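Here is a short guided tour for anyone who likes to look at packing and local geometry side by side. Please keep the viewer open as you read.

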Amino acid sequence: MGQYLLGIDIGTSACKIAVFDEEGQVKASASGAYQVYYPHAGWAEQNPDEWWQAVSLAIKAALEKGKIRPSEIAGIGIDGQSWSAIPIDREGNVLTNTPIWMDTRAADICERVGRQVGEERIFEVCGNPFKPSYTTPKILWYKENLPEVYKHTYKVLQSNSYIGFRLTGKVSQELTQGYGLHCFRMRTGEWDMDMCKELGVDPSFLPDIYASHDIIGTVTEKAAAECGLTAGIPVVAGALDAACGTLGAGVIHPGETQEQGGQAGGMSICMDAYKADERLILSYHAAPNQWILQGGTVGGGGVMRWMEQEFADYERLIGKEIGKSSLQIFNEIAEKVPAGSDGMVFLPYMSGERSPIWDPHAKGVFYGLDFSKTKGHFVRAAMEGVAFSLRHNLEAAEEAGAVASELRAMGGSANSLLWTQIKADVTGKEIIVPSSDTATTLGAVILAGVGVGMYKDFEEAVKKTVVIKRRHTPNPEVREAYDKNYKLYLELYEDLKETMKRKGEE
């Protein structure tokens with residue numbers, strides 16, 4: 001067996017490739033960017049073939065950079081973004097771009113089908129609300145708006161299963177991504193054919209279901225030539241990015257919680273019992289016999305990325321002179337602003353919002369501007385607004401009976417000591433930061449390692465690979481300021497939501 005494991009992460013803005021050793025140390029990494037297309041209001045889609053092109057180039061680059069021979073790769077794990085709906089024909093061709101997790105084009109379909117089938121009936125089967133971001137409404141949108149695509153569809157794949165298909169030629173659906181389809185029985189991990197019929201989804205579109213660490217096949221000669229790999233390397237089914245990030249952060253016991261700081265925000269609470277709430281997202285965990293109750297928001301690290309792109313010309317210029325990144329300088333100016341941003345509050349609803357409000361018309365808002373406010377206020381208020389959305393989801397989860405004992409931060413936002421401390425202070429939870437900046441791809445390779453037998457089980461894998469770097473304890477002195485602003489945060493949305501809806505429908 002080879003000595004390394006290769007992880008593939010299909011993110012929203014780019015794929016990330018990392019090669020790990022058995023101890024979870026990154027030996028080489030590379031990434032490949034691709035576009036999100038916004039052809040109409042409420043639409044957000046990607047071309048899965050562009051994912052594959054980026055993955056192929058990034059694998060070659062990582063192997064070359066790390067001077068790693070393809071024969072040294074023992075197994076491959078894949079994680080991917082949620083709620084894709086990739087229609088392929090019998091020859092494996094992608095028939096149209098896939099709407100991604102931000103896409104809300106199927107809002108009208110959700111309202112109509114929810115009335116016809118019954119939202120309670122749907123929720124009882126799948127444990128998730130019938131919302132346009134999920135996979136099912138997108139399939140129904142194809143049926144109504146792209147009948148030729150629907151007619152020629154052989155299978156509908158998720159992001160990780162599509163890359164698995166390109167690597168092995170095998171069609172699959174693994175447990176953690178089942179939550180995107182409302183004909184998936186969340187209690188048992190099986191397809192519900194009666195619900196397929198009620199929703200109007202062709203059951204032949206649904207691939208066979210695998211556990212995340214199951215080997216679905218091996219790298220084909222064709223894929224090996226395209227990626228610079230060796231044919232015959234085992235590939236596991238992989239998992240949802242949130243599930244892999246949760247695993248890579250070391251969350252495998254009930255109550256342990258991953259805090260998501262990538263493009264999107266939110267959290268994932270590990271549970272050993274079925275607990276569903278219509279405001280939240282329920283999926284299987286990548287670790288066996290566990291679920292994760294998720295809060296998924298559109299405003300995470302992407303908020304700061306947007307702010308940097310649009311408002312950091314000066315910081316980029318100065319940063320080059322003094323050897324700092326623009327984001328470091330953003331942190332420094334935000335740190336000078338007191339907790340609570342002097343009453344300035346940000347609603348991070350930059351592409352509608354997912355849990356717990358599920359409002360495709362929600363908009364981002366800065367409130368509390370006056371002549372005393374500085375750029376630092378904007379940056380800190382943005383950080384605090386994302387932390388408020390995290391608290392909102394955690395409170396909804398507690399009401400559902402899933403209490404987070406501690407948060408384990410991952411994603412780019414975890415590199416900001418200020419932002420991580422703000423999240424600890426706002427939520428009142430201790431936040432632990434594992435040492436790996438690549439928790440999601442680490443989770444993917446843990447699946448591969450368990451699948452090929454490099455680790456005997458998930459306990460051993462986590463013990464070997466996950467190391468704690470630092471801890472953030474809530475500061476009680478700022479709790480009052482954050483409680484005051486959090487109350488305002490909730491009130492602002494309630495006061496504005498009808499206006500947002502009316503303007504969104506014009």
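The report below takes helix pairs, a covered helix and several individual residues in turn.

## Where this comes from

Please bear in mind that this is a predicted model.

## Helices α1 and α5

Let us begin with helix α1 (residues 48-65) and helix α5 (residues 159-168), whose axes come within 10 Å and cross at roughly 60 degrees. An angle of 65 to 115 degrees would count as roughly perpendicular; α1 and α5 are therefore oblique to each other. The handedness of the α1 and α5 crossing is right-handed.

Which residues make this meeting between α1 and α5? From α1 come P48, D49, W51, W52 and V55, and from α5 come S159, Y162, I163, R166 and L167. By character, the residues of the contact of α1 with α5 divide into seven nonpolar, one polar and two charged.

## E226, a visitor to the same neighbourhood

Two of the residues just named turn up again in the surroundings of E226, a residue of helix α7 (residues 221-227). Setting aside residues up to four places away in sequence, E226 touches W52, S56, K60 and R166. Of these, W52 and R166 also belong to the α1 and α5 meeting. With W52 there is a polar contact, side chain to side chain, at 2.8 Å.

Is E226 buried, exposed or partly exposed? Its relative accessible area is 26%, and because buried means under 20% and exposed over 50%, E226 is partly exposed. For a sense of distance, the C-alpha atoms of E226 and L157 are separated by 21 Å, with their positions 69 residues apart along the chain.

## Helices α2 and α3

A second helix pair makes a good comparison. Helix α2 (residues 107-126) and helix α3 (residues 135-145) pack with their axes 10 Å apart, at an angle of about 100 degrees. That value lies in the 65 to 115 range, so α2 and α3 are roughly perpendicular to each other.

On the α2 side the meeting involves I109, C110, R112 and V113, and on the α3 side P137, L140, W141 and E144. The residues of this contact of α2 with α3 divide into six nonpolar, no polar and two charged.

## The cover over helix α11

Now turn to helix α11 (residues 326-335), where S326, I329, F330, N331 and A334 are buried. An α-helix has 3.6 residues a turn, so residues three or four places apart point the same way.

What covers the buried residues of α11? The cover includes α9 (301-311), α10 (313-322), α12 (375-399) and α13 (417-427).

## The loop after α11, and K373

In the loop between α11 and β20 you will find S341 and D342. S341 has a phi near 50 degrees, a positive value in a residue other than glycine, and the phi of D342 is likewise near 50 degrees. Their exposure makes a nice contrast: S341 is buried, with a relative accessible area of 0%, whereas D342 is partly exposed at 46%.

S341 and D342 are both contacted by K373, whose other partners are M344 and G368, leaving aside neighbours within four places in sequence. K373 itself sits in the loop between β21 (365-367) and α12. The side chain of K373 reaches the backbone oxygen of D342 at 3.5 Å, and a polar contact of 3.0 Å joins the side chains of K373 and D370. Why does K373 count as buried? Its relative accessibility is 14%, and the cut-off for buried is under 20%.

## Two more spots to visit

P356 is found in the loop between β20 (345-347) and β21. The peptide bond joining S355 and P356 is cis, with omega about 0 degrees.

Finally, have a look at G178, in the loop between β9 (173-174) and β10 (184-185). G178 is buried, with a relative accessible area of 0%. Leaving aside neighbours within four places in sequence, G178 is in contact with Q173 and F184. The C-alpha atoms of G178 and C126 are separated by 8.9 Å, although the two residues are 52 residues apart along the chain.

Conventions: Residues numbered from 1 in each chain as written. Predicted model: local features only at pLDDT ≥ 70, side-chain atom pairs only at ≥ 80, totals over all residues. Heavy atoms only, no water. Helix = DSSP H or I, 4+ residues; strand = E, 2+ residues; numbered from the N terminus. Buried < 20%, exposed > 50% of the residue type's maximum accessible area, 1.4 Å probe, protein only. Contact = heavy atoms within 4.5 Å. Polar contact = N/O pair within 3.5 Å; in protein donor to acceptor, adjacent residues only side chain to side chain. Axes fitted to C-alpha atoms, helices over the stretch in contact; angles between N-to-C directions. Parallel < 35°, antiparallel > 145°, perpendicular 65-115°, else oblique. Left-handed = near helix turned anticlockwise from the far one by under 90°. Nonpolar A, V, L, I, M, F, W, Y, C, P; charged D, E, K, R; others polar.
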